[in-house]
Each structure stands twice: as structure tokens, then as C-alpha cells.
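The exercises that follow each set a task and then work through its solution step by step. Please keep the sequence and the coordinates at hand while reading.

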Amino acid sequence: MSVVDRQEWDVVVVGAGGAGLRAAIEARERGARTAVICKSLFGKAHTVMAEGGIAAAMANANEHDSWQVHFRDTMRGGKFLNQWRMAELHAQEAPQRVWELETWGALFDRTKDGRISQRNFGGHEYPRLAHVGDRTGLELIRTLQQKIVSLQQQDHRETGDYESRLKVFQECTVTRVLKDGNRVSGVFGYERESGRFFVLEAPSVVIATGGIGKSFKVTSNSWEYTGDGHALALLAGAPLLNMEFVQFHPTGMVWPPSVKGILVTESVRGDGGVLRNSEGKRFMFDYIPDVFKEKYAESEEEGDRWYEDPDHNRRPPELLPRDEVARAINSEVKAGRGSPHGGVFLDVSTRMPAEVIKRRLPSMYHQFKELADVDITAEAMEVGPTCHYVMGGIAVDSDTAAARGVPGLYAAGEVAGGMHGSNRLGGNSLSDLLVFGRRAGLHAAEYAASLAFERPAVDDTQVDSAAAEALRPFSAEGPAPGEEDGRPPENPYTLHQELQQAMNDLVGIIRREAEMAQALEKLAELRVRARRAGVEGHRQFNPGWHLALDLRNMLLVSECVARAALERTESRGGHTREDHPAMERTWRNINLLCRLTDPTGGLAATDPVRGQIALTRETTDPIRADLLALFDKEELVKYLAEEELYE
Amino acid sequence: MATGTEPHPNSGGVRSGTRAAITAPHLRTDRWWLAPAVTAAGLLAFVVYSTWRAFADTDYYAAPYVSPFYSPCLAERCETMRSGPNWEIFGGWWGISPAILILVFPLGFRLTCYYYRKAYYRGFWASPPACAVAEPHKKYTGETRFPLILQNIHRYFFYAAIVVAGILTYDTVLSFRDEHYAWGHMGLGTLVFLVNITLIWAYTLSCHSCRHIVGGQLKHFSKHPVRYKAWQWVGKLNARHMLLAWASLVSVALADFYVYLVASGAFDDPRLF
Amino acid sequence: MSSYKAQFKVWRGDVQGGDLEDFTVEVNDGEVVLDIIHRLQATQAPDLAVRWNCKAGKCGSCSAEVNGRPRLMCMTRMSVFTREETITVTPLRAFPVVRDLVTDVGFNYEKAREVPAFVPPADLGPGEYRMMQEDVDRSQEFRKCIECFLCQDTCHVVRDHEENKRAFAGPRFLMRVAELDMHPLDAAEDSGLDRKTTAQDEHGLGYCNITKCCTEVCPEGIKITDNALIPLKERAVDRKYDPLVWLGSKIRRRSS
């Protein structure tokens, strides 16, 4: 068996985006020796793609804002499916987390009196998003990165070694969480550069790997988003929550084909951009759902006045939550009123002077100019829905971010479920990363400290089988059991493309029962073929091998999405069923949990019908009375079942 | 020059041992050599012309115009110019062209200018000749040691350049006279001088040191609104520093050449009024 | 929609050696160089190593040299080349090669660690920071940096002189020093750190001969030379070569 390098750490953080880095900072500041593992280079995580801002009720732009209003907006956006305690903590702690960034060197855009400027965004009642132009994610990741460097500089002064207490293992992939009994004992992974395996022994593991978008064809997500963390948790025995809720961002680029799916920030609409169909009509006025009727403008004039005078006018419907806008665009295109390349028009050129556009939306200007030859100060953009975010994720305890059922396992950020309910509001993601990243780091460090003298032991047989699993693509030439000889190994790139196409077409933005059943069959077929995914070359920086290993994760997660989507017979937030178009109050307090069918974590079972995932239903805790009291009765009756209201 | 036959080149720079084994010193396919070649040719032409004119010691004054190369004229041997600018600070002992006395300052200003540094480092020293094109030198220490560390005194030349520009402004005012020193006239030469002095000022004020001194050195613009405005204004000029450097270089040579033509009698200054 | 076959030369190999390999590959409308590299991976060279992430010019991962010029592959449109042109793609040539188009950019991370971090003012807590937009504009420009390291790659100080890597931080990290020195609330000076002096003494600002290649290759359009490096040089002059400023600061320090 391969010789495997082993190191001991207190806390291992998998993922170096906003949540992972915030967790690592917290764990290190609490005294835990902390290792961060990331697939890319340090500072390249997908968080850099976030554009709009960080939602936090600091009340700098509108003094009426408060955490209660933010909480209310979040619950509405998530259609009351949110894990309400998470939404509460999030709304309460977000301002602290933003202010803290300033003490680490972040430079947000400013108000006239020198405080952090805040901008409007879909679903937020007040201007609430702290931002830096349209590159807020970059500012966030760079600030956290630089904070980590500053902690390393401090360690260097004290110990002579930058990496004595906090180390980033960049360009490494974790393929298994190791366990001692039911407790976490470490992680197994490989260095992408050399292909060498390694084990980090640690009592606490924080998963912060982001989302699953790379299972879909049209997505704003990067190659890293292969659902690794979701799969790691599943394989370690932790359940995933509400995986059917996948957010399709309403505005992705649609042309040219090579950039299809790349995000067009919501700030375009927040700052005044409007959506039009091929007839030039602002169609969003036709798509305001009943639950939002009182909150949105009925005429273009009122909507336009709102930018100047938000206290006396209602907001334009372009700023409805993302799920509503995405569905509306989808309907317009289906009705034949789309743009030439199958989207709709998003226009700022007629709404703002060119100078203002370039100042407020510099990277959008740049992106369209460079990639599509479109000058957004002179013409409209073409946009359409793109797979953007998964609301579902690892089921966690609201306060501690601990994954259910696996002591020592924590999850934060997009990979954790519950916080956003059935649909996430723009801007709530970056604040989620910070709030729960910190909580995960804090509790992971405390848990590790409590086990300082009885650290869980790493089981060698688990290490060996993890190594064998990782090496399998190199010996995939042989025929699968029961199949005829001489068939060449499968090309992982082809398998990936087929998976993306299937998920996009069959479990996409609008879902139907028959299509999802078909998707499950296709996934079963791909699963069988993926076992024969073979690669050429050797282990040193071999992208074909990396993809072959990531396929396991994408297939697991895709099955979760498809199964849960088939099960939930209603439409809510990021889950739209053509055959069940209404939101059902009886589903409001139902969570769907995915677990491995084979709880030993082996993936031998490839029975197409049974699959690898088992679903269970769970009724959620009732929302605390003082939080319910923040809403009007009339509003609550639209969401909550009778008996929930009068408890 | 690499021939492409070495198994692994290891001659430093992009061909160091651990870097990708590519024998060509660069793989650019565009005409990267054009810009440094044009720069070098332009600068060389000016050097040749100005050297000739500076040492010529003749044909630099034709009332009311004085060549910018000879202004102010500070030696006893200078031609007489009514109301200056010729002050006999240096006595009769100064034996060569009086231009040398004063050209030191604009020359120093331009030699240490951040734009010209780029131009001649690239054009003459090939350090580097163009981006991602390997430079021929074995060692490189940049501006860390003598003599190039002296580039740091640019701001003193800037102060001197302000004085020189002031004097050239004075010359331009004097050019509103006719050849009999009567005020209220204008010739083609006056226009040439006006254009030249405008460009000289624009170039001088667009200087990076100037930008630093008027406001760039501040940490809080908000506490110094006037200097902030000035900094923004200089910044706009500074963005065109290269253009202004060339434009003023050409205009100063042209102004001198115009005076030469008139002084040598090859051309008669057309009077406008 | 039109497509055509393009001629590519891609450097393949590792630190032991390697060569430019020829490929003929399909190109479609609107594609960028990274799309073509991905097509090579999917169809002809599955183990072709390349770094990339966002494919939208925001993360700075896919840095390489295309026809000898340092560029982001995801932002280099195929339409800038003629159909007849052979397009040569190599790894960054200032850093040690790992494999194919992937280089070891560790130099940059080492340099990042050598720049002392932001020093928060002692008397301000979270939420109490007040900064004016005009005071943060300059540093914000530098914080647009996506750390693609193209400026570090093209800078001849280290590209052509391996031995200078020890003493020279490179444009990206000198810009980081400038960013912190211009930060309206950085309290480094109160803690005894003078960034203006250390820029020259510890980060090698003097090696820069302002030939502007860093600015030329910056995919974010940051005016690295004019707005960061030259102002930093002027600030170093304030400290080290300007007796008037030096005297003034001495007197002010005494009187305060």
C-alpha cells in the first residue's frame, strides 16, 4: 500500500472560501492548531465571484433597518422553510462580522459621513448590502486571506515558523473523512500537484466546500463546485437536508456559448437596471405573486420613483426574490418573447449615464466588453437563468454548526443546509459565510480542546481503502464484472458532460415527475459507467484523474437533488414542480433528509432502482413565538398551517 | 542566441533550470521591437539636434525672441537682449556656449523624469526591450545603487523646472513686442512661443513628483479639500505625461529652430499685428 | 455560427524538460483560449495540466503566456487572432514549472507574507471606523487585484534575474505596501513601522525601473506603476532623500 504522509492538527477546515477561512481564523484565535485544505490556490475560492454585497442590518443607509427586519426578509425569501434559529443568529450577528472585516483591513464603499455604504437588493426591505463596487466577494476573500497571513506573521514572530499554528494546504483534495467509531478522526486526501496521498489527523473537521453547480450544464459556478463536502458528509454518515432547493439565478450571460451561465450581478437591477422582453415590455409587473402583492410597485412610474424615495413608494418587481424572477424569465422565453440567444434583455444603458454605470458596475462593464463585445452603457444585455446556489446541504445544529450524528464534524457556508430555507436572498450568502464560518470554527476548536487527551485514532484500514478508491481510475481498463471484454474505459469528461446535460434538462428550473424519474435512471447508468472511468498519464497534476474522482461526489449529490425533488410535491422557492404548481402549507414544516442507503459508506451498491440515497421526512420545530410575532397575521396565514398559527 | 538544440538550456533568466524548458528568449509574434526602436530614434534625433544647437553659441536671439535653449542667458558673452532675460551672473571667464549653463536643469528634469526613464531604459538599455522579452544583461540592480540611485532627486529638478518654465513664460510675454521692442505686437514666433510654453507647463505640472507634492503625499484627502482638487487635476495631466513629454520635447526644439531660422536670416518672422 | 480548425502549440512537460506540442483543434464563435485548452483536455490530451477557476476574469487562476505575452486564458478571445495564425501557449516563464501549463507560484505567497499586515488603530473598535470615500479610493484601486501574478511574471527584475527574487517583492506586493501606506486608518507608524522606508529597504522598491510592463499586462487595468509604484518611490524619497521633509517631520515630532 502507498506510504502516506501523516500530520496531527486540532482542527482541519476543508475549503478556503469565505466560510472556511473565517472558521480557520476563529479556530486559530481560540488556540487550536488549524489546517486549511483547498482544491485551488489560496485566495482563488469561488467566493471571489460574489459581486453584490454582504447583507447586514447596520442601518447605515436607512435608520429603520434592524436585525428583526432582516430576519423577516430572510424568512420571506426562504418561504418560511428556513431553520429559523439560523436565520435569527444570522440577522443578529451579521453587522458584527462586517465591522470586524474593517479591523482586518477591508475597504468597503463609504457613505457621505464615512460609514459603510449599503445598497438595495432583491428581497431586502432596506438598502442593506455592504459592498465594494461589484467585487465584494474579492474584497471578502482577500481580507480573510490577509488576516490569515497576519496571524501567520504573528506565529512567525513567536515560533519562528509561519505555519506552526495555521497552515494552508493549497491544491489538495480531500476524498474521505476518517472516523474512529462514530467520531471524526481526520481526513484523507491527495496533493493535486504531486498526486501524493496524505492524512491529517484531527478530532474536528469543518466542511466548507461550497456548492454543487458543476452537476448542471448552465451554471455560474466554477469547476470546484462538485459537491465534495456534501458527499464527504454523506459518506461519513451525516444527513443532507432539503437538497431539492437549488437556486437558479435569474441573470446569467446567455451568449456567447462559451460563457453561458456566467453571472450578471443582481446589483444591476438593484441600481436601476430593468428587464424587458423582445416586445420591449417590462414584463416583471405581470409576475408579482400574491404573497408579495403589497410590497411591490404596480406601475413603472411608482417603481422608478422608489429609487429616489423608498419610504413613500414600493420597489419595482425586478427586485423580487430570485426564484420569482428566474421563473418569470423562463416563462417569457417559453412564450416566444425572448431575446435572439434565448434570454431576455437586461438594460441599464437607458437608465443611467455611461459614467455612472462604469463607476458602479465596473466588472460587469468589463465582463461584457471583454467576453461578449457588448457595451452595456450603450445596449441591453441578454440574460437568462443559471444554476447558482444550493440551499440544501449538510444538516447542522443552528447554534454550533455541528453536523448531525457525527461528533467532530462541522459545516458552514453553502455546504450547510437550513439557513436559507427554500430560496436564498442575494447578499445573505456572504454574511452566512462569516456568521456560521465563525461559529463552526469556534465550536470545532472547543470540541477539539475537549478531546486533547483522548484524540480519536486513525484507522489504517480506512486509510488503505481510501487510497485504493482514489487509485481505481488508473486501473479501469479491465471490464466491469459481468460485462463483455474489450470495452475501453469511460472518458470522465464525457461522463461529466452527460451528467450535466441530464441534470439541466431533467431536474432543472421547472420540474416534472416523469423527467425526474428518467433522471434517476440516467444517474444509475452513469454510476455504473463511472466505476469504469479511466485516466491516462500519471498522478502528477492530472486533471482527468481529478475529474474521475470528483464524479463520485457529483453523482451522489445529483441523486440527492433528484430524489428529494421527486418527493416534494409542491412548488416553493428554488423548487418548482409543473405538476404541483402551488405552495402547500402542509409542506411548510417538512424537511427531507438524504442518507446513504448503505450506511457503512461503501459504494458498491449500484442497483439502479434503489440507488445510493434513502430519503426520510422530518417535521421541523415550530417557530419561536417572539419571532412569529414579528410578522402580521395576514402574512402568516399565507405560509403557515392553521394549527401552527394558533399554538 | 539559442538554437533550439540544447537539451535543457540553463543560462539564467527565463532559461533558468527550474523553469519551463523553452529555448527561445521570447515567443512574441507581434512587432514588439517597434516601440523601443521609435523611442530610441526620436530621443537620439533630439540629442543630436540639441547638442548641435547648444554648442553652436550663435543664432539664438532675434529680437524679441530668445531661443529657449539660451534662456536665461547668464554669461557676459551673451547677446544683448533688452529687458532680458540675460543677467551676467557668470562673468567673462565662461568661455563656451552660455546654453550649457542653463540646459543642465531641463536636461536633468527630463533625464530623471519617470516617463523618460522608462523610455530610455527600454529604448537604449534594453532593460527590458519590451514586456516578456528577455533582456541581454547578466546582472541587474535597477535603481538601488550609484549612479541610478540618483534618480531619486527628480523632485529637485522639478523645482528647478518650475523656475525655468517661469523664465520661459517671461520670454513669451516679451515676445508680444516687435523687433524694436515696442509692446502690443505679435508675430508667428509669438504663437510658436505660446504653444511651446503651454506644453512646457503642462509637461512640468504633469510630473509625478509634482503630483506627489501637491497632494499625493497626503493620507487623508478629506482633510485637505484644496490640495485634493489640485491632486485630481494634476492626476488628469499626469495620465498624459508621456504624450506631454514628447509634445513639449518637439515644441521646444521647434521654438529653438524657429529662432534659429529668424536669427540666421533664413526666414522672416511674419508680423500678425 | 461559424467554426474552424486552429493550429495550437502547447508546451507540455515538467521540470525535467518538455516541448511545444502541435494540436489542430476546433474553434467556435465567441470562444476564448481557455475553451480551446478545455477542448484539448476533453478530446486529445486528458491529462493536460492547467489551472483555472471562474472563467470570468475574477479569480486570476488561468495565467499563462499566449504568443509570448502574459495573459489570462479566460479573457483572451480567439477573435483577436487570425484563423491562419498558430497560437502558442506556454506556462508562465518567470516561475518554476510544475507540469504543462501549471507553474509553482509559491514565490508570490512567500512575498505576501513578508509584507506586514494592516495595523488597526488602537482606539477604534469594530463599527467605529469612519473613512471618507475619497480617502479609500486609492487603496480600493489596488484591492481590485485578483492576484493572477501576471505582473510578477512579466517583471524583468525577477523574470530575467532569478537572483533578484530574494530581495524584490515584485509589483503586486509593492502595490500592497502602497495600499497599506495609503489606507486612511493604517496605524503602522504608531507601532513603529514606517512602510515608506521599508518599501525600499526591505521590499526592494529600488529594483523597479518603472518600465511599466506590470501595468501593461494587468487584466484589471490597475495603473500599478503610476498610482502605486511611483507614488511609493516618492514617499520613500520623502523619508530618505528629502532633507526639507525630513527636517519638517523632525520638528513636528518634537513639537507634538
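**Exercise 1. Determine how far apart the C-alpha centres of domain 1 of chain C and domain 2 of chain C lie, and describe the contact between these domains.**

Step 1. In this predicted model, chain C is divided into domain 1, covering 3-103, and domain 2, covering 106-255.

Step 2. Taken over C-alpha atoms, the centres of domain 1 of chain C and domain 2 of chain C are 32 Å apart.

Step 3. The contact brings together twelve residues of domain 1 of chain C and 13 residues of domain 2 of chain C, and the side belonging to domain 1 of chain C is made up of seven nonpolar, three polar and two charged residues.

**Exercise 2. Carry out the analogous analysis for domain 1 and domain 2 of chain A.**

Step 1. The assignment for chain A gives a domain 1 written as 1-245 + 391-457 + 487-647, together with a domain 2 that spans 247-387.

Step 2. The centres of domain 1 of chain A and domain 2 of chain A are separated by 27 Å.

Step 3. In the contact, 29 residues of domain 1 of chain A meet 30 residues of domain 2 of chain A, and on the side of domain 1 of chain A the classes are eight nonpolar, 15 polar and six charged.

**Exercise 3. Describe the side of chain C that touches chain A, and then the side of chain B that touches chain C.**

Step 1. Chain C contributes 49 residues and chain A contributes 50 residues to their contact.

Step 2. On the side of chain C, the elements giving two or more residues are helix H1 (33-43), strand E6 (97-99), helix H2 (106-114) and helix H3 (133-142) of chain C, and H3(C) gives the most, with four residues.

Step 3. By class, that side of chain C has 25 nonpolar, twelve polar and twelve charged residues.

Step 4. Turning to the other contact, 44 residues of chain B meet 48 residues of chain C, and the elements of chain B that give two or more residues are helix H3 (114-123), helix H6 (208-216) and helix H7 (225-238).

Step 5. H3(B) supplies the largest share of that side of chain B, five residues, while the classes there are 16 nonpolar, 19 polar and nine charged.

**Exercise 4. Work out how helices H14 and H15 of chain A are arranged relative to one another.**

Step 1. The axes of H14(A), residues 513-530, and H15(A), residues 543-567, come within 10 Å and cross at roughly 160°.

Step 2. Because angles over 145 degrees count as roughly antiparallel, H14(A) is roughly antiparallel to H15(A).

Step 3. The crossing of H14(A) and H15(A) is left-handed.

Step 4. Among the residues that make the contact are Met516(A), Leu520(A) and Leu523(A) of H14(A), and Leu551(A), Leu555(A) and Leu566(A) of H15(A); by class, the contact has twelve nonpolar, one polar and four charged residues.

**Exercise 5. Trace the sheet with the order E17-E12-E19-E20 in chain A, and place H15(A) against it.**

Step 1. This is an open sheet of four strands of chain A with antiparallel pairing.

Step 2. Strand E17 (393-394) and strand E20 (613-619) of chain A each have a single partner strand, so they stand at the edges, with one side of each left without a neighbour in the sheet.

Step 3. Strand E12 (residues 240-241) of chain A runs antiparallel to strand E19 (residues 590-596) of chain A and is joined to it by two bridges; Leu241(A) has Leu593(A) of E19(A) as its bridge partner.

Step 4. H15(A) lies across E12, E19 and E20 of chain A, and runs at about 50° to E20(A).

Note on methods. Residues are numbered from 1 along each chain as its sequence is written. Chains are lettered from A and ligands numbered from 1 in the order in which they are written. This is a predicted model: local features need pLDDT of at least 70, side-chain atom pairs count only at pLDDT 80 or more; totals for chains, interfaces and linings use all residues. Domain bounds come from an automatic or database domain assignment. Two residues are in contact if their C-beta atoms, placed from the backbone, lie within 7 Å. Ala, Val, Leu, Ile, Met, Phe, Trp, Tyr, Cys and Pro count as nonpolar, Asp, Glu, Lys and Arg as charged, and the others, Gly among them, as polar. Axes are lines fitted to C-alpha atoms, for helices over the stretch in contact, and angles run from 0 to 180 degrees between N-to-C directions. Angles under 35 degrees count as roughly parallel, over 145 as roughly antiparallel, 65 to 115 as roughly perpendicular and the rest as oblique. A crossing is left-handed if the near helix is turned anticlockwise from the far one by less than a right angle, and right-handed if clockwise. Two strands pair if DSSP finds at least two bridges between them.
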